[in-house]
Structures are given as structure tokens and as C-alpha cells.
Amino acid sequence: MGAEVGVFVAAFGYLALLFVIAAWGDRRAEQGRSVIASPLVYTLSIAVYCTAWTFYGSVGRAAEAGPSFLLIYLGPTLAMLSGPLVIRKMIRIARAQRITSIADFISARYGKSSRLGALVALIALIGITPYIALQLKAITLSHAVLMDYPVAPGGPASTAGFLSDKSFWVALVLAVFIMLFGTRHLDASERHEGMVAAIAVESLVKLIAFLTVGLFTVFVLFEGPVDLFTRAASHPPLQNALSLSAVPGGALGWVSTLLLAFLAFFTLPRQFQVLVVENVDERHLTRASWLFPLYLLVINVMVIPIALAGLLLMGSDGDPDSFVLTLPLSAGREGLSLFVFIGGLSAATGMVIVETIALSTMVSNQLVMPLLLRTTKRYQGLHSDLSVWLLGIRRGAIALILMMGYLYHALIGDSYSLVTIGLVSFAAVSQFAPALLLGLYWRGACGLGAGLGMLAGMAVWSYTLLLPGFAQSGWLPLSFLEEGLFGLAWLRPYALFGLDGLDIYSHSLLWSLMANIGVLVGLSLFTRQNHLEQTQAALFADARTEGVDTPPLWQGQTTRGALHDLLRRYLGTASTARVLATVDAPHDRGRIEISTAAGIGSPENGMEESASPQLIARAEQALAGALGSASARLLITSVVRGEALDMEAVLSILDTTSQTLEYNRRLEQKSRELARIGEELRGANERLRELDRLKDEFVAMVSHELRTPLTSIRAFAEILRDSRDMPEAKRTQFLEVVVLESQRLSRLIEEMLDLARLESGRLTLQPHPLEMVALTRQGLAAVQHPIEERGVKLKVTIDLDEAWVIGDSDRLEQVIINLIDNAAKFAADTSPVVLLRLARHQGHVRLSIEDNGRGIAPADRERVFEKFHQLEQHSTASGQSRGRPRGSGLGLPISRGIVVQSGGRLWVEDATTLSGASLIMELPEAPQDKTMLATETPLPPD
Amino acid sequence: MLKSRRVQRLLALVILAALLFTPPLILLADQSVDGSFSWLAAYLFVSWAFVIGLAAWLLERRPEE
């Protein structure tokens, strides 16, 4: 008894916790800080797919039918992977049209047909009831196992009367819980954020519970997976447990179960609810598309180990559906069993909550409301506020659905295992798939075909799955199964038209889908759609362009007052004010705010004005969110005089909108291009300005350079002209200066010409193989004397015997002389030293010339190769104080030009041996066979 | 909005997954070595994980220009 109390406290405590989470989620949603706005929560809410069927039934199925339990999860994996293609489209449509359930979706697609909506709701009700019964059964059964272990739970509980039947109370508690939980809002069209948060938590709990019992089995009951599998493999009855031969129906059964799970994932009302209706942001879908399959993979990893362990330890007398509970119980771990029970409770309640909310929405919007609207002499007949009614209807529907589930469980449920019931439901809801999926992509699918197709499919389903179930429960004679209806063998439910050898689900799915699709396609090809149907079909099939909203479909006329009254009756005062306020054009927004403040309902405030098409469309959408699209349509037509737009008009509006969007996009692209071109132009202009400035500087420097020698030549020439009685020695000295300066002038001009040729690319070198050692010695000989005369010490290190390169020997000699001369100029004032080194370096011949001067700062190293650079430096830094000849400042730029044209490099580094700078010239070494050539082409004479 | 290349890749992935999960490919894996279990379940889990990995890689990459 104490244990019983413990279980009750745990279960109710858990439910209470869920309720707190849901309330918290709802409050956060009201504050605008949604807790469910993340891909992870979205994924976990989709995991409501894993019900008690997964939690208890997977192990059972694995024990009986091998790896086929995985198909129930591989199908959704395929569906979810295609989610960014299919489900995204459904989300967009549902958002644009304020769609609240799968019945609403199908009804809206086929011209907002209320009949079709009602049909879908009815089928869902019939098809899902066994599935809800399954959850009740699982809760009751797991509770019984937990309490009565090791005694196996007894026969049908209904024999003892429903008041003492635990599942009745479970259903009742759940009904109350869901009413509190899912229909708290007066504004029934809003999302259930709190519910989604609670469902996400439940998904986490069931995952952890299942993994825990799996790990316990593998590592506590056995010594790891290897031990478990070797022991299972040596157990003869288990030999074939994991092969395809254990799967009913073999390969064909395999494929059809996969297809069944794939289709059911789209069409189960609760999956539609969490996937489409409760989706907060369609971008969450991207991550959920792989995260949800991962969830499925993880929750299934432990199924086979548990099933094998159960079969090994429990033998054939244990019920495989409850291995997850009996394994820990057999080891005396009651705490763990309780946790597993809570996990199973999570799985079951999560499913029941979402499914019941989805079904109750369908029942109230697609079944009850249209009936009410039709029977009560148009809407005028009802005076009271219908929004309260609406919630009442939903609560009633919740109670009804759970009681139906209970009755199914009590009357028939016991003759089936968990998985069997689930598959029957799957087969029923997959009858929506043709209407849903074809309708999304094929504009021609018509409502009549969809409706009759579903009816045909359901008829086959009832005959091949539902009625045989009744027969097995003893409601129908068993001969119906064995001999067929009226004793006709070709009408046997499990072998229709003599088709034998399939498992019952493949058999049923094959015939029912064939009938369904056949009728749908056939009728669609041979009947006409009405205007509204065409419009809706076009909107659904083309809902791909992002940003294109549904255009207002109304051309008719009505007054704001009439719309306002209509909305208030169904949505309540607050929602009505919100709907009307958000649509109004800016110029009369102020007025509406005043009227809101004054309490809506006074007809003076513009209520006699005619309503804009946008306002009518918005009102219809708001009504659709609460009542379903068919009822909303009906209500709007009752107050609006005039016609809705036909398909051509809607399509042309859609086209115009997408054309405008496309046009905008192109314009944007163009303007971005223009901006980029402008940027480029600005850059080019900058460069031109810089070049212009450089040119000006160059001209200024050149004229300065030319003027200096010219000035002194002119000055000395004038002295010579004016003072004829000058001593001979003086005159000779002056003439010497004139000659020297003239030489300097012509050298300068020569250099400038060289530079100009280099820069314009007109300097033609005559490359031929030449020997660098000889060339260097030759250059040294030319400058050695004048340099040593100036007191500069010249050291030479040549490590090579010979080094062949390809180049113009005259020009390269000019470079060598220039570099040596340059180094000599920059060597220290006292005891200047220049070091020349010729060596081979990585396939290059390297000539480095160092001095012991002050060196060159890293920032200036490239600038010395600019024209006239050193000239500036020289004159400002040291002037002519050392009495050394000044250069033009063109030597290094010319040298670099020549070296680069010869395929080499010239740059500045820190000196390695001396303290100053080191200028390094590198030329690629000539290929060896060229040396043969060189013997034929001797060096040109000096 | 998904880039159309991404859509094509995703479609190819769905087709690949469907092929991996159905006969005749699963028949290849449905063999047992000297009396121990069939490899089918192990094969399914491995290919399942492979498909999920591919999907994650495909969907989580930044869309290319």
C-alpha cells in the first residue's frame, strides 16, 4: 500500500510539475519572451511522436518482429529530412491562412469546404481513438506491472465495472488536466506555448528514462554489450531474432511499413499540430530536420539490448511490452522502475495532451461550429458572446475524446498488443496523405475527389483492419475472417480479392491507398473545380515565394460596424479591438484608438463607413484562426455583399506582387553594382591624383637637379668671360669645374633617359650567358681606384670559381659599379668600410654589398628605390660635408629596373657582418648546359 | 529561402536515405556470420547515423554565395 501511495504521489507530482511549466510558458508568451523560440525546443516538441508505443511497444515489437520496429522511426526520418521542402511549405500556407488543424488545412485547400473539414475531423476521431486507448492501456498496464510484480497483470479490467477500473480514472484525470492546460485562453486561436514547453520537457524525461534503463540492462544486468550479445547469440530461440525473416510480410512488408510511417508522420493530427500550427519560426525547421532524426536514433539505440536481455532473463512467460519495467523490477531496483514508469507516463501523457487538443480543435471547428451555424437560422439567432461557447465546446470535445478512448480500451483494447493498435491508427490517418500531399503540389486536385477518395480509403481500412479487430474481440463471428463476407472467399478481409501472403497492414495500406488515390485522381481529372476552389488550389500550390502575402480576396461591400459586431460575437471584445486596430489605414488609426478607449460598440465612430478589402480579409483570417476557414467563410459571406475575387484576379495580384518583388530585387542589385563602380572610380581617381603629385614632384626635382650644375657652369663661365686677366692656374681650375659639372649634367640626363626607357619598357637589354665572377671583378676594377682614393676600405669575398647567369653584361656591370659606389657613399665617416660578397644561394647567384654606415630604417628600405629619394636624404642629412661626390638619386631605381628585367631581385637588408645596410642583388643561375654556349660566345671586350 | 542547389542536395539526400533503408540494399546486410546475429540492425543504425550526419553537415553550413 505504501508503494501505491508513492507511485501516486510521483505521478501526480509529475503532472503538477508539467502544469507549472505550462503556466510559466504561457506567462512568458504573454510577456513576449517566448520560451519555445528555439530549434531545440521545437525538435523536442516534435518528439511527441514517440509515445508509450515507443517507450513500451518498441521493445515488444523488437522481441517479436525483429528490426522492423525501426521502420516506425525511419519513415519519420525520411519525412523530416524532406521537411525543408514539404513542411516549410505547409507552415507558410498555414501562417498565411491562419490554419489551426489538419482538417482545417485540407478543407481550406479544397475551397474552404466545410463538408471536407467535417469528414477529416470524423476520420481523425475514428482513427485516433484506438491510439489514445493505447496510451491509457499503457499507463494502466505499467502501473499494474509496477504494483503487482512478479504477478502478471490480469485479464480485462472492465469485468470489474468501470468505477473500479483504473484506466477510467486515468482518462478522467487526463481530461481535467488537458482542459486546464490546453483551453485556458479565451482567445482560442492563439498558439499553446505553455503546452509546447511542457511537451518538450516530457520528451526529455522519456529519453533520459529510456536510456537509463538501457544502460542499466547492458552494464548492470550484463557485463557490457559484448557479454549480452554473445550470451544472446548462444541462445537458440534468438538466432533469427534480428534478421528480415522475423519481419512480418518480408521485404514487401518492410517497404509498406516504412511508407506507412512516412505518411503518418505528416498526417497524424498531433504531428501537424506541433510541426505546423505551433511552429514559431520556420527557420527552426532547418535544424530540427536533422536533430529530430537524431533524437529518434538515440531513443532506439537501447531497444534491441533490452529486448534481448528480456527474452534471455524473462523467458517466454514475460510480456515483452513491459520488459522495460520488469527488468529493473527483477533486479529489485524499485527506484529505477518508478523512474521508468514516469518516463512512460511522459510518453503517454504527452501524446494524449497534444492529440486531444488537436482533435478537440477539429471537433469544435469542423464538426460542431458549422452545424451550429447552419441550424441556428443564420448567425442572427445567437445573441450571446459565442467565444465563451467556443471554449465550452472544446472542453466538451476533450472529455468526449478521452471517454471514447477509454471505451475503446475497455471494450476491445485488450485483444491487441501496443504496436498493433498504433499501426491501425497509422493506417487510418495516412488516408489524409493523398489529399494533403497531392493538394500541395497539384493544382488540379479537386475537393470532390479528395472527399470521396478519403471515404473510399476509409471504407477499405474499416473492412481490412477495423472489422477484423471487432471479429477478434468476439463482436463479429470469426467466420467473417476465415470465410469472408457472406462466405465469399474473395472478400476475406485479410486477403481481399485473393491477395494473400502480405501482412495485414501492408495488405490494408495497399488496397486503401489504391482506392483513395484512384478516386482522387480520377475525379480530379474529370470534374470541374468551382471558383473558390481554384483560387485556394492556386494559393496552396504556388505558396513558394517568400514575402508574398495572401492578397485580399474580397471585392464586396460591408460596413465596419457589421464586421465589428460579427467579430465581437465570436472572438470577444478585446480580440476584436486588436484585429480592427491593426488593419486600419494610418489616417484613421487615431480614431480607432479613441473608440477603443471609449469602449467599442458605439456606432458613431466610423462604424457606418464601408470596410476596406484588407479589413474584410483580416477579419476572415481572424475568424478562421478561431473557427476554421470554412465557418469563417460562411460568416463573412453573411455580412458582405458582393463577390470574392476569382482565380484569375487572385493570380494576377500574386503575379504582380512577385513581379514587383523581383523588380525590387533587381533594382537593389543594380544600385549595389553602381555603388561598387563608384567606389572603384573613386579609387582610380585617388591613384591618378597620387600619380599627378608624383609627376609634379619629379619635375620639380629634375629641374632643381639640372639647375645646380647649370648654375655653377654659368657662374664660372661668366667669371672667365669677365676677368680676362685671371692667372692661368686659376683659369684652368675654373675650366676644370665647368667640364666636371658638364659631365655631371650629361650623366644626369643620360640616367634620366635610362629611367624613362626603363619605365616605359623601351630599354632593351641584350641577354646572353655571362660569368658573374669575372663581371664582378671587372666592375671592381673600375671603381676600386677612385673609391680607395677617398679613403674607403674595400673588402672582397668571392667564394665561387665561376657563376653563370643570363643578362646584359654592360648593364649589369653598371649596376655593380653603382651599388659599390653607393655603399661607399653611405659608409661611416671615420674609417669607412665596404664589403662585397659573391655567393650561391638556392639556385641564385647572390651579390651583397655592405657598408658600415648608419644603415637604413626598415620603413625607408623600399623608399630608397624611389626616384631622387637619396638626394633629399643626402642633402638634408649630411649635405656635402664629407666632400664625396653626390649622386643623382636615380642610381638605385635604375639598378632595380635592370635587375628586375634580367629576372632577378634587388633589395635592402640589415648588414650581417658590418653595422650598416646591405644591398642584395640576386640573379637566377643559368642552366648548366648554357655554359657550353658561353664558350662559343666570349664576354664582350672591356 | 533555401538556395536551389541546397534544395537539390537535400532531395538527393532523401533519395539516398530511402535507398539505404529499403530492399534490395538491406538484403545485403541481412546476413549472419557463423550462427551469430544478422547484421541488419547494425547496418540500419550505421546508415541512419550516416544520413543524419550528412544532413547536419548540409543544413548547418552557411549558405554559399
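This report describes a predicted model of two chains, A and B.

## Overall make-up

Chain A has 942 residues, and 46% of them count as buried. Its secondary structure comes to 35 helices and 7 strands. Contacts in chain A reach far along the sequence. Among those between residues at least 6 apart, 82% join residues at least 24 apart.

Chain B has 65 residues, of which 28% count as buried. It holds 3 helices and 0 strands. From the N terminus on, its elements run α-α-α.

## Where the chains meet

The contact between the chains involves 28 residues of chain A and 29 residues of chain B. On the chain A side, four helices each supply at least two residues: helix 4 (71-81), helix 10 (224-233), helix 11 (250-267) and helix 13 (284-301). Helix 13 of chain A gives the most, with 7 residues. By class, the side of chain A that touches chain B has 20 nonpolar, 6 polar and 2 charged residues.

## Helices of chain A

Two helices can be set side by side for length. The table gives the span between end C-alpha atoms and the span expected at 1.5 Å a residue.

| Helix of chain A | Residues | Number of residues | End-to-end span | Expected span |
|---|---|---|---|---|
| Helix 3 | 52-65 | 14 residues | 18 Å | 20 Å |
| Helix 30 | 728-760 | 33 residues | 48 Å | 48 Å |

For helix 3 of chain A, the span agrees with the expected value. Helix 3 of chain A nevertheless has a kink of about 40°, centred on S58(A). Is this helix enclosed or open to the outside? Of its 14 residues, 12 are buried, so helix 3 of chain A is largely enclosed by the rest of the structure. The kink centre S58(A) is one of the buried residues, and W53(A), F55(A), Y56(A) and R61(A) are also among them. After the helix comes G66(A), with a positive phi near 60°.

Helix 30 of chain A comes close to its expected span. Just after helix 30 of chain A, G761(A) takes a positive phi of about 80°.

Helix 6 (residues 102-109) and helix 16 (residues 334-375) of chain A form a crossing pair. Their axes come within 8 Å and cross at roughly 40°. On the helix 6 side, the residues are A103(A), D104(A) and S107(A); they meet M362(A), N365(A) and Q366(A) in helix 16 of chain A. This contact divides into 2 nonpolar, 3 polar and 1 charged residues.

V579(A) sits in helix 25 (residues 573-583) of chain A. Why does V579(A) count as buried? It has 21 C-beta neighbours inside 10 Å, and the cut-off is 20 or more, so V579(A) counts as buried. Beyond its neighbours within four places in sequence, V579(A) is in contact with L567(A), R618(A), A619(A) and A622(A). L567(A) lies 12 residues away along the chain, and the two C-alpha atoms are separated by 8.8 Å.

## The sheet of chain A

Chain A contains an open sheet of 5 strands with mixed pairing, in the order 2-4-5-7-6. Strand 2 (793-798) and strand 6 (905-910) of chain A are the edges, each pairing on one side only. Neighbouring strands are turned by 20° against each other on average, direction ignored.

Helix 31 (residues 772-789) of chain A packs on this sheet, touching strand 2, strand 4 and strand 5 of chain A. The direction of helix 31 makes about 170° with that of strand 2 of chain A. Helix 32 (residues 809-826) of chain A lies across strand 4, strand 5 and strand 7 (917-924) of chain A. Helix 32 runs at about 25° to strand 5 of chain A.

Two strand pairs deserve a closer look. Strand 4 (residues 833-841) and strand 5 (residues 844-851) of chain A run antiparallel and are joined by 8 bridges. Within this pair, H841(A) stands opposite H844(A) in strand 5 of chain A.

Strand 6 and strand 7 of chain A also pair in the antiparallel sense, over 6 bridges. They form a hairpin with 6 residues between them. Here R905(A) has E922(A) in strand 7 of chain A as its bridge partner.

Key: Residues numbered from 1 in each chain as written. Chains lettered and ligands numbered in written order. Predicted model: local features only at pLDDT ≥ 70, side-chain atom pairs only at ≥ 80, totals over all residues. Expected span 1.5 Å × (residues − 1). Contact = placed C-beta atoms within 7 Å. Nonpolar A, V, L, I, M, F, W, Y, C, P; charged D, E, K, R; others polar. Axes fitted to C-alpha atoms, helices over the stretch in contact; angles between N-to-C directions. Pairing = 2+ DSSP bridges. Bend = angle between axes of the 7 residues up to and from the residue.
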